[in-house]
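Reader: I would like a close look at one part of this protein. Please start there and then work outward to what surrounds it.

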Amino acid sequence: MPCGGGREIGANSYLVQLDGFHILLDCGVHPKKEGVGSLPDFSVLTRAPDAAIISHGHVDHCGAVPKLLKHFPGVPVFATQATVSVMDRMLHNSVSVMGILAKERGIAEYPLYQHEDVNYAIKRTCGVSLGDEFALDDHGGVTVELLHAGHVLGSASVLIRTPEHNVLYTGDICTSDQELMAGMAPLDNDLNIDTLIIESTYGANHLADKTSVEEQTERFAGSIRHVIARGGCVLVPCFALGRTQEMLNIIARLQATGDIPKVPVLASGLGRALYDVYDRYPDYLNQNANLRPLNQFGRVGDTWDRGVVQNILSRPSIIVATSGMMVENTPSALLAEEMVRSHLHGIFFVGYLDPDTLGYKLLHEEPGAAFAFGLGRPKVKVVLEDIDWFHFSAHAPRQALRGLVERIHPKNVIYVHGDPEAIDWMCQQSGNESRAFSATMGQIVTCEA
Ligand SMILES: [Zn+2]
Ligand SMILES: [Zn+2]
């Protein structure tokens with residue numbers, strides 16, 4: 001039963017009831033909603049879950065853990081060790097961001113929790129190793145194993161076994177290698193999965209099936225060369241966790257091979273803090289990943305200070321800054337507001353853009369239009385034409401998702417974490433051997449073994 005994130009990418013959280021055990025899979029906040037409305041619907045939980053298991057540290061999967069523990073103190077939480085460290089950084093950052101939004105936008109419900117709630121949540125979260133099986137009950141009737149999911153540092157799929165029923169929850173998955181993360185390992189087809197709960201992010205995207213990383217990297221390098229040659233700066237808006245670390249190392253590799261000029265590469269705050277966590281968990285990265293030292297990349301500094309921004313833009317550089325979708329008041333939005341005034345620069349998006357975000361709107365804006373980078377901010381004339389999008393993804397394309405379902409051939413498949421059209425496409429492709437389900441918030445799906 002979804003408490004959020006059923007037929008959307010939202011406050012992803014799913015309650016699984018097995019043998020009288022209540023297990024909550026993920027506990028995130030909705031990326032597009034605010035205040036209490038961004039939380040999963042805890043009212044559908046009839047009692048405290050026996051355990052919560054967190055697949056990875058993106059806030060749409062873990063951002064409501066401190067709130068869950070305020071409702072139900074004492075619930076044991078499990079995640080990989082790397083994810084616990086990531087959550088520590090992400091959740092404390094969320095408290096700070098909510099504090100700013102409370103002041104700037106007058107959202108009285110913010111912050112939804114405090115730094116001490118985060119400390120308590122991190123203390124309650126038990127870090128486990130990938131591949132180690134652990135029991136949720138005293139006699140080992142319900143066991144859990146976390147499997148490498150290939151999405152971001154620490155990300156895991158969750159395998160729950162009971163004598164009667166086995167459940168696999170994929171979390172967010174990437175089936176191919178990225179610059180730093182190895183792709184999800186192919187799952188054995190003798191896992192005997194009765195019920196598969198699988199993400200569907202790219203279910204409605206047929207382009208992702210065809211694009212190759214090499215091709216995108218080559219086009220990306222070419223575009224950077226053009227901007228630097230005309231004396232401009234390149235802005236690469238990125239999610240702080242995953243995309244930032246991957247892009248910094250792709251850029252560093254392209255510089256080392258001479259594909260792009262060796263201009264300074266800068267990275268913004270939270271992305272740097274999480275880079276530090278990548279550095280501490282080399283075992284979670286691809287064996288041959290070459291994670292460059294963080295001090296190879298400069299700091300962006302305070303983007304609220306227009307002087308700082310103008311100083312950065314006065315000489316060629318490549319700036320990797322949060323947020324990936326250019327949420328207002330983030331470093332990428334504040335930098336872009338200045339950059340669009342000149343034809344010299346380039347703004348290159350590299351990840352998913354929700355149509356409601358500034359990033360999507362800027363990408364589709366006509367040159368010469370007047371554009372506001374946030375509520376109440378003065379409009380700026382967009383002179384810059386070199387605004388582009390490149391497909392670098394940490395999610396499996398839909399054909400890979402389909403292949404996974406075919407290989408595991410579960411009796412039941414529940415599609416989650418996707419727009420309705422993505423979920424519907426996945427449901428239609430499921431074939432006759434599996435029963436396909438999707439569910440909205442609070443809707444119960446009953447699966448037989
Ligand atoms: Zn994710
Ligand atoms: Zn997600």
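Where is the place of Ser323?

Author: This is a predicted model. Ser323 sits in the loop between β15 and α9. Start with its backbone. The peptide bond that runs from Thr322 to Ser323 is cis. Its omega is near 5 degrees. The loop between β15 and α9 also holds Met326. Met326 is not a glycine, yet its phi is positive, at about 60 degrees. Most peptide bonds are trans, and most residues other than glycine have a negative phi. Set both features of this loop against that background.

Now take the two ends of the loop. On one side is β15, a strand of an open sheet with six strands. The order is β14-β13-β15-β12-β16-β19, and the pairing is parallel. So β15 is placed between β13 and β12 in that order. Two strands stand at the edges: β14, residues 298-299, and β19, residues 387-389. Each edge strand has a single partner, so one of its sides is left without a neighbour in the sheet. Look at the β14 edge. Strand β13, residues 265-267, is joined to β14 by two bridges, and the two strands run parallel. Leu266 has Gly298 in β14 as its bridge partner.

On the other side of the loop is helix α9, residues 331-339. Helix α9 packs on the sheet and touches β12, β15 and β16. Thus the strand before the loop, β15, is among the strands that α9 touches. The direction of α9 makes about 150 degrees with that of β12. A further helix also meets these strands. Helix α5, residues 213-229, lies across β12, β15, β16 and β19. Here the strand ranges are 234-237 for β12, 318-321 for β15 and 346-349 for β16. Helix α5 runs at about 165 degrees to β16.

Step back to the whole chain. The protein is divided into domain 1, residues 2-206 + 394-437, and domain 2, residues 212-389. The centres of the two domains, taken over C-alpha atoms, are 28 Å apart. Their contact takes 21 residues from domain 1 and 22 residues from domain 2. On the domain 1 side, the touching residues divide into nine nonpolar, seven polar and five charged.

A second sheet comes next. This one is open and has seven strands, in the order β7-β8-β9-β10-β11-β20-β21. Its pairing is mixed. At the edges stand β7, residues 133-135, and β21, residues 435-437. Each has a single partner strand, so one side of each is left without a neighbour in the sheet. Neighbouring strands are turned against each other by 20 degrees on average, direction ignored. At the β7 edge, three bridges pair β7 with strand β8, residues 143-148, in the antiparallel sense. Ala135 stands opposite Thr143 in β8.

Last, the helix packing. Helix α3, residues 81-105, packs with helix α7, residues 269-280. Their axes are 10 Å apart, and the angle is about 165 degrees. That angle is over 145, so α3 and α7 are roughly antiparallel to each other. The crossing of α3 past α7 is right-handed. In α3, the residues that meet α7 are Ala82, Ser85, Val86, Arg89 and Asn93. In α7, their counterparts are Leu270, Ala273, Leu274, Val277 and Arg280. By class, this contact has six nonpolar, two polar and two charged residues.

Helix α3 also meets helix α4, residues 115-124. These axes come within 9 Å and cross at roughly 165 degrees. The two helices α3 and α4 are therefore roughly antiparallel to each other. Again the crossing is right-handed as α3 passes α4. From α3 come Val84, Met87, Asp88, Leu91, His92 and Val95. From α4 come His115, Val118, Ala121 and Ile122. By class, the contact of α3 with α4 has seven nonpolar, two polar and one charged residues. The loop between α3 and α4 contains Pro111. The peptide bond from Tyr110 to Pro111 is cis, with omega near -10 degrees.

Terms used. Residues are numbered from 1 along each chain as its sequence is written. Chains are lettered from A and ligands numbered from 1 in the order in which they are written. This is a predicted model: local features need pLDDT of at least 70, side-chain atom pairs count only at pLDDT 80 or more; totals for chains, interfaces and linings use all residues. Axes are lines fitted to C-alpha atoms, for helices over the stretch in contact, and angles run from 0 to 180 degrees between N-to-C directions. Helices (H or I, at least four residues) and strands (E, at least two) are DSSP runs, numbered from the N terminus. Angles under 35 degrees count as roughly parallel, over 145 as roughly antiparallel, 65 to 115 as roughly perpendicular and the rest as oblique. A crossing is left-handed if the near helix is turned anticlockwise from the far one by less than a right angle, and right-handed if clockwise. Two residues are in contact if their C-beta atoms, placed from the backbone, lie within 7 Å. Ala, Val, Leu, Ile, Met, Phe, Trp, Tyr, Cys and Pro count as nonpolar, Asp, Glu, Lys and Arg as charged, and the others, Gly among them, as polar. Two strands pair if DSSP finds at least two bridges between them. Domain bounds come from an automatic or database domain assignment.
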